[in-house]
Amino acid sequence: MSFDLSARLAERRAAHLYRQRPLLQTPQGVEVQVDGEQLLSFCSNDYLGLANDPRINEAFVDGVRRWGTGGGASHLVTGHSAAHHALEDALADFTGRPRALLMSSGYMANMGTVTALVGQGDTVLEDRLNHASLLDAGLLSGARFSRYLHNDAGSLRGRLSKAQGNTLVVTDGVFSMDGDLADLPALCAEATAAQAWTMVDDAHGFGCLGAQGGGIVEHFGLSTEQVPVLVGTLGKAFGTAGAFVAGSEALIESLIQFARPYIYTTSQPPAVAHATLTSLQLVREEHWRRDHLAGLISRFRAGVSALGLELMDSPTPIQPIVVGSSERALALSAALRARGLLVTAIRPPTVPQGTARLRVTLSAAHTEQQVDRLLYALGQAHKELNDE
């Protein structure tokens with residue numbers, strides 16, 4: 001008996017679900033070269049336009065000169081440098097929490113945190129539309145795992161009434177495929193009433209939401225007691241790489257002791273942490289980025305509505321246009337690319353069947369004229385497909 005991988009790949013291709021990696025041949029930005037083509041990109045998570053900022057680039061180079069290239073070992077051996085420690089202190093201050101713990105990726109942060117906090121005899125309750133890393137963490141934790149209806153506090157309440165042991169309620173802050181916000185005040189109220197903890201993965205909220213870019217917790221004015229476990233990533237709005245968990249002294253010390261992905265992974269290059277200190281400063285100080293981004297979001301939403309296309313209810317840089325079938329989403333993406341625009345088609349299993357979409361993401365580096373160009377091309381491509 002052998003693995004029939006070719007048949008599996010053929011089935012995926014026939015279902016219009018085959019994925020290929022675009023080859024980026026320029027630095028990250030809104031104008032890029034991909035697979036040899038010059039394109040205007042609307043599919044990056046570089047929400048604040050910091051991924052190729054010269055000041056952060058220079059800080060990274062300075063970090064390499066000071067700290068070298070590799071982390072060399074895990075944090076608990078000799079891989080925890082002063083650069084990592086300084087960033088953790090800065091992230092704790094940024095989130096208004098006693099401590100922060102730096103992780104090498106968002107997937108690691110979610111996996112390590114959930115599996116360190118709950119296990120056999122406990123309960124983990126998650127939003128049905130949570131990111132794959134959160135769902136995988138819940139499944140692998142060994143705890144009783146259940147998913148409540150999307151953003152539904154009543155559904156969560158019903159599951160909390162059946163929970164056993166230590167209970168962790170887990171939600172995205174901004175849902176990565178829909179762009180909507182978690183109803184965090186209501187969810188936290190249910191969790192608190194049931195003596196459960198709330199964990200928020202705010203990968204897509206940090207930098208974009210809140211007056212200081214502090215994400216959804218700042219946006220709603222919630223406390224550490226209401227959201228004891230806060231996770232963020234650094235490779236999106238912050239423009240660098242890695243992730244962090246912020247919370248109490250006891251939480252961070254527990255993760256250092258029990259989070260296996262943290263314990264058994266080489267630390268990220270210290271130069272990345274050094275560069276992220278500059279990134280964090282820019283996120284806090286350059287308010288114009290969030291202001292400009294908010295203006296672009298409003299402009300885009302008004303334009304798409306005028307075209308008669310179906311937009312999801314999103315106040316964030318993630319602006320999904322629901323198309324329906326995977327085949328149509330791919331065709332619309334290809335029609336935009338033929339006009340020099342890069343917009344990704346998102347298909348099952350990433351999103352539910354029948355909800356394939358174009359996932360438009362806006363950046364503070366975009367101009368109003370570039371957004372207008374996208375709107376014009378969307379109108380043309382939509383009409384073109386409808387006329388066929």
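Which residue in β12 is the bridge partner of Leu40? The legends below take that question up in the second view, and every view shows a predicted model.

**View 1. The hairpin of β1 and β2 in close-up.** Let's start with the two strands that lie next to each other in sequence. Strand β1 covers residues 31-34 and strand β2 covers residues 37-41; the two run antiparallel and are joined by four bridges. Two of the facing pairs are worth picking out. Val34 stands opposite Glu37 of β2, and Gln33 has Gln38 as its bridge partner in β2. Two residues lie between the strands of this hairpin, and Asp35 takes a positive phi near 50°.

**View 2. A three-stranded open sheet, β1-β2-β12.** Here is the answer to the opening question: Leu40 has Leu341 as its bridge partner in β12. Strand β12 is made of residues 341-342, and its pairing with β2 is parallel, over two bridges. With β1 and β2 antiparallel and β2 and β12 parallel, the sheet has mixed pairing. The edges are formed by β1 and β12, each of which pairs on one side only. As a reminder while you look along the strands, side chains in a regular strand alternate between the two faces of the sheet.

**View 3. The largest pocket and its lining.** This open space has a volume of about 1200 Å³. It is lined by 43 residues, and those closest to the centre are Gln20, Pro22, Thr344, Ala345 and Ile346. Which elements give two or more residues to this lining? They are β1, α5 (106-117), α14 (326-338), β12 and β13 (344-346). The most comes from α14, with four residues. Sorted by class, the lining holds 17 nonpolar, 16 polar and ten charged residues.

**View 4. The second largest pocket.** The volume here is about 390 Å³. Of its 16 lining residues, Leu129, Asn130, Pro349, Thr350 and Val351 are the closest to the centre. Eight of the lining residues are nonpolar, four are polar and four are charged.

**View 5. An enclosed cavity.** Rolling a probe the size of a water molecule over the atoms shows where empty space is left. How many cavities of 30 Å³ or more are counted in this model? The count is one, and the volume of this largest cavity is about 80 Å³. There are 14 residues in its lining, with Gly29, Val30, Ser44, Asp46 and Ser363 closest to the centre. By class, the lining divides into five nonpolar, eight polar and one charged.

**View 6. The largest nonpolar core, with Leu184 picked out.** This core contains 78 residues. Phe42, Leu184, Phe300, Ile321, Leu358, Leu362 and Leu378 have the most contacts inside it. Helix α15 (residues 368-387) gives the most to the core, with seven residues. A second core, separate from this one, has 23 residues, among them Met103, Ala109, Val118 and Val245. Zooming in on Leu184, and leaving out residues up to four places away in sequence, you will find that Leu184 touches Thr171, Val200, Ile216, Val217, Phe220, Leu222 and Val227.

**View 7. His16, in the loop between α1 and β1.** Is His16 buried or partly exposed? His16 counts as partly exposed because its relative accessibility is 31%, and the range for that class runs between 20% and 50%. Apart from neighbours within four places in sequence, His16 is in contact with Ser326, Glu327, Leu330 and Arg347. For a sense of scale, the C-alpha atoms of His16 and Val283 are 39 Å apart in space, and the two residues are 267 apart in sequence.

**View 8. His84, in helix α4.** The helix that holds His84 covers residues 82-95. His84 is buried because its relative accessible area is 0%, and the cut-off for buried is under 20%. The contacts of His84, leaving aside neighbours within four places in sequence, are His75, Gly79, Leu102, Ser267, Gln268, Pro269, Pro270 and Ala273.

Terms used. Residues are numbered from 1 along each chain as its sequence is written. This is a predicted model: local features need pLDDT of at least 70, side-chain atom pairs count only at pLDDT 80 or more; totals for chains, interfaces and linings use all residues. Side-chain values use heavy atoms; hydrogens and water are left out. Two strands pair if DSSP finds at least two bridges between them. On a 1 Å grid over the protein atoms alone, a cavity is a set of points where a 1.4 Å probe fits but cannot get out, and a pocket is an open set with protein on both sides within 12 Å along at least five of seven lines; lining residues have an atom within 4 Å of a point. Grid points are joined across faces, edges and corners, and a volume is the space filled by probe spheres set on the points. Ala, Val, Leu, Ile, Met, Phe, Trp, Tyr, Cys and Pro count as nonpolar, Asp, Glu, Lys and Arg as charged, and the others, Gly among them, as polar. A nonpolar core is a set of buried Ala, Val, Leu, Ile, Met, Phe, Trp, Tyr and Cys residues joined through side-chain atoms within 4.5 Å. Buried means under 20% relative accessible area, exposed over 50%, partly exposed in between (1.4 Å probe, protein chains only). Contact means heavy atoms within 4.5 Å.
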